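Please open the model in a viewer and keep the selection panel at hand. The tour below proceeds from one selection to the next.

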Amino acid sequence: MSDDHCVRCGACCAAFRVDFHRSELAGTTVGGVPDVMTVPVTGALVRMRGTDEGPPRCVALAGEIGVRAHCTIYSNRPSPCRDFAPYAALGIGEDACDRARVRHGLPPLQP
Ligand code: SF4
Ligand code: SF4
């Protein structure tokens, strides 16, 4: 999830697996992702808890998708979330953002 324009969305946080290197965990680095919000994937990788459930929803997501939603660990979110659809906050989407929105019955952002 990005910011501003995304506050009425949150769809990407309930659409995809979110995996990242365990070096981003709070137990490893200052300002990292809370360890308890993750599950192990491999020796090197962890996953945001809830993102591989059916239906997926990241444990850190609060609010109602498509109405008002926010990441409760926004300043400490992992790199896949920081890198995802960087212009969505400006109203400019991309394929993965649009796929997530459509999955939740929301229209794609303007290209
Ligand atoms: S799916 Fe797109 S618009 Fe919705 S929160 Fe994610 S980045 Fe923002
Ligand atoms: S950590 Fe935050 S930004 Fe990343 S998927 Fe979870 S709720 Fe979304």
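Which residues does F16 touch, leaving aside those up to four places away in sequence? The coordinates to be inspected are those of a predicted model. Select F16 and display its surroundings: the contacts are T51, F84, A96, R99, A100 and R103.

**The nonpolar core**

Keep F16 selected and widen the view to the largest nonpolar core, which has 29 residues. F16 is among the members that touch the most other members, together with F20, M48, I73 and F84. Colour the secondary structure next. Strand 3, strand 5 (68-71) and helix 2 (95-103) are the elements that give two or more residues to this core. Helix 2 supplies the largest share, 3 residues.

**Strand 3 and its partners**

Move to strand 3, and display strands 1 and 2 with it. Strand 1 and strand 3 are paired in the antiparallel sense, over 3 bridges. Strand 2 (residues 38-40) is likewise antiparallel to strand 3, again with 3 bridges. A hairpin of 4 residues provides the connection from strand 2 to strand 3. Now centre on R47. In strand 1, D19 stands opposite R47 of strand 3; in strand 2, V39 stands opposite R47.

**The salt bridges of R47**

With R47 still at the centre, show the side chains of D19 and D52. How many salt bridges are counted? The count is 2. In one, R47 pairs with D19, and the closest N and O atoms are 2.6 Å apart. Because R47 lies in strand 3 (residues 45-48) and D19 in strand 1 (residues 19-21), this pair ties together parts that are 28 residues apart in sequence. In the other, the side chain of R47 meets that of D52, at 3.0 Å from N to O. D19, R47 and D52 are thereby linked in a network of salt bridges.

Add a surface representation to examine these three residues. Is R47 buried or exposed? R47 has a relative accessibility of 13% and counts as buried, since the cut-off for buried is under 20%. D19, with a relative accessible area of 27%, is partly exposed. D52 is also partly exposed, at 41%.

**The second hairpin**

Select strand 4 (residues 61-64) and strand 5, which pair in the antiparallel sense over 4 bridges. Within this pair, A62 stands opposite H70 in strand 5. The two strands form a hairpin with 3 residues between them. Select G66 in the turn and inspect its backbone: its phi is positive, at about 85 degrees.

**The two ligands**

Select ligand 1 and display the residues around it. There are 11 surrounding residues, and the closest are C6, C9, G10, C12 and C97. By class, this shell consists of 9 nonpolar, 1 polar and 1 charged residues.

Finally, select ligand 2. Which residues are closest to ligand 2? They are C13, C58, L61, C71 and C81, out of 11 residues that surround the ligand. The shell around ligand 2 has 11 nonpolar residues, with no polar and no charged ones. To relate this site to the hairpin visited above, keep strands 4 and 5 on display: L61 falls within strand 4 (residues 61-64), and C71 within strand 5 (68-71).

Key
Residues numbered from 1 in each chain as written. Chains lettered and ligands numbered in written order. Predicted model: local features only at pLDDT ≥ 70, side-chain atom pairs only at ≥ 80, totals over all residues. Heavy atoms only, no water. Salt bridge = Lys/Arg side-chain N within 4 Å of Asp/Glu carboxyl O. Buried < 20%, exposed > 50% of the residue type's maximum accessible area, 1.4 Å probe, protein only. Near = heavy atom within 4 Å. Nonpolar A, V, L, I, M, F, W, Y, C, P; charged D, E, K, R; others polar. Pairing = 2+ DSSP bridges. Core = buried A, V, L, I, M, F, W, Y, C linked by side-chain atoms within 4.5 Å. Contact = heavy atoms within 4.5 Å.
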